[in-house]
Amino acid sequence: MMSRYTIALNNHYQSRRKLHAVTWAEVQSGPSHALSWTLTCKVEGEVVGTATANQKSVAKEEAARIACERLGIN
């Protein structure tokens with residue numbers, strides 16, 4: 001399930017008819033019993049947020065929060 005910032009980011013660009021503006025890149029690292037996820041949020045190809053966490057969803061939400069803050073999206 002998407003969280004607040006991920007939803008806000010998607011809604012912002014969907015309302016502007018830019019359905020494919022937001023893309024994500026993910027990298028996992030570490031041993032299988034202690035994975036670390038790094039998610040990078042790109043808007044129209046430009047990196048606007050990156051975060052690392054032990055859970056993929058947490059990293060994605062934090063990257064979305066950083067992107068929203070940087071782009072002035074509430």
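**Exercise 1. Describe how β1 and β2 pair, and what lies between them.**

Solution. Strands β1 and β2 pair in the antiparallel sense over eight bridges. Pairing requires that DSSP finds at least two bridges between two strands. One bridge to inspect joins Val27 to its partner Thr38 in β2. Now follow the turn. The two strands form a hairpin with six residues between them. Gly30 in that turn has a positive phi of about 95°.

A note on the model. It is predicted: local features need pLDDT of at least 70, side-chain atom pairs count only at pLDDT 80 or more, and totals for chains, interfaces and linings use all residues. Residues are numbered from 1 along each chain as its sequence is written, and side-chain values use heavy atoms, with hydrogens and water left out.

**Exercise 2. Place Leu35: which loop holds it, and what does it touch?**

Solution. Leu35 sits in the loop between β1 and β2. Next, check its exposure. Leu35 counts as partly exposed because its relative accessibility is 25%; buried means under 20% relative accessible area, exposed over 50%, and partly exposed in between (1.4 Å probe, protein chains only). Then list its contacts, defined as heavy atoms within 4.5 Å. Leaving aside neighbours within four places in sequence, Leu35 is in contact with Gln28, Ser29, Gly30 and Asn54. Finally, take a distance. Leu35 and Ser57 are 22 residues apart in sequence and 13 Å apart in space, C-alpha to C-alpha.

**Exercise 3. Extend the analysis to β2 and β3.**

Solution. Strand β2 covers residues 36–43 and strand β3 covers residues 46–53. They pair in the antiparallel sense over seven bridges. Val43 has Glu46 in β3 as its bridge partner. Two residues lie between the strands of this hairpin. Glu44, in the turn, has a positive phi of about 50°.

**Exercise 4. Write out the order of elements in the protein chain.**

Solution. Count first: the protein chain has two helices and three strands. These are DSSP runs, numbered from the N terminus: helices are H or I of at least four residues, strands E of at least two. Then read from the N terminus: α-β-β-β-α.

**Exercise 5. Which residues of α1 are buried, and what covers them?**

Solution. Helix α1 spans residues 4–14. Its buried residues are Thr6, Ala8, Leu9, Asn10 and Tyr13. Their cover includes β1 (22–29), β2 and α2 (56–71).

**Exercise 6. Trace the surroundings of Lys60.**

Solution. Start with its element: Lys60 lies in helix α2. Its relative accessible area is 27%, so Lys60 is partly exposed. Not counting residues up to four places away in sequence, Lys60 touches Thr6, Trp24 and Leu39. Now add a distance across the sequence. Lys60 and Ser3 are 57 residues apart in sequence, and 9.1 Å apart in space, C-alpha to C-alpha.

**Exercise 7. Compare the radius of gyration of the protein chain with that of a compact globule.**

Solution. Take the rule first: 2.2 Å times the number of residues to the power 0.38, with the radius taken over C-alpha atoms. For 74 residues, a compact globule would have a radius of gyration near 11 Å. The protein chain has 12 Å, which agrees. Next, the box: the C-alpha atoms fill roughly 40 × 20 × 20 Å along the principal axes. Then burial: 32% of the 74 residues count as buried. Last, contacts: among those between residues at least 6 apart in sequence, 30% join residues at least 24 apart.
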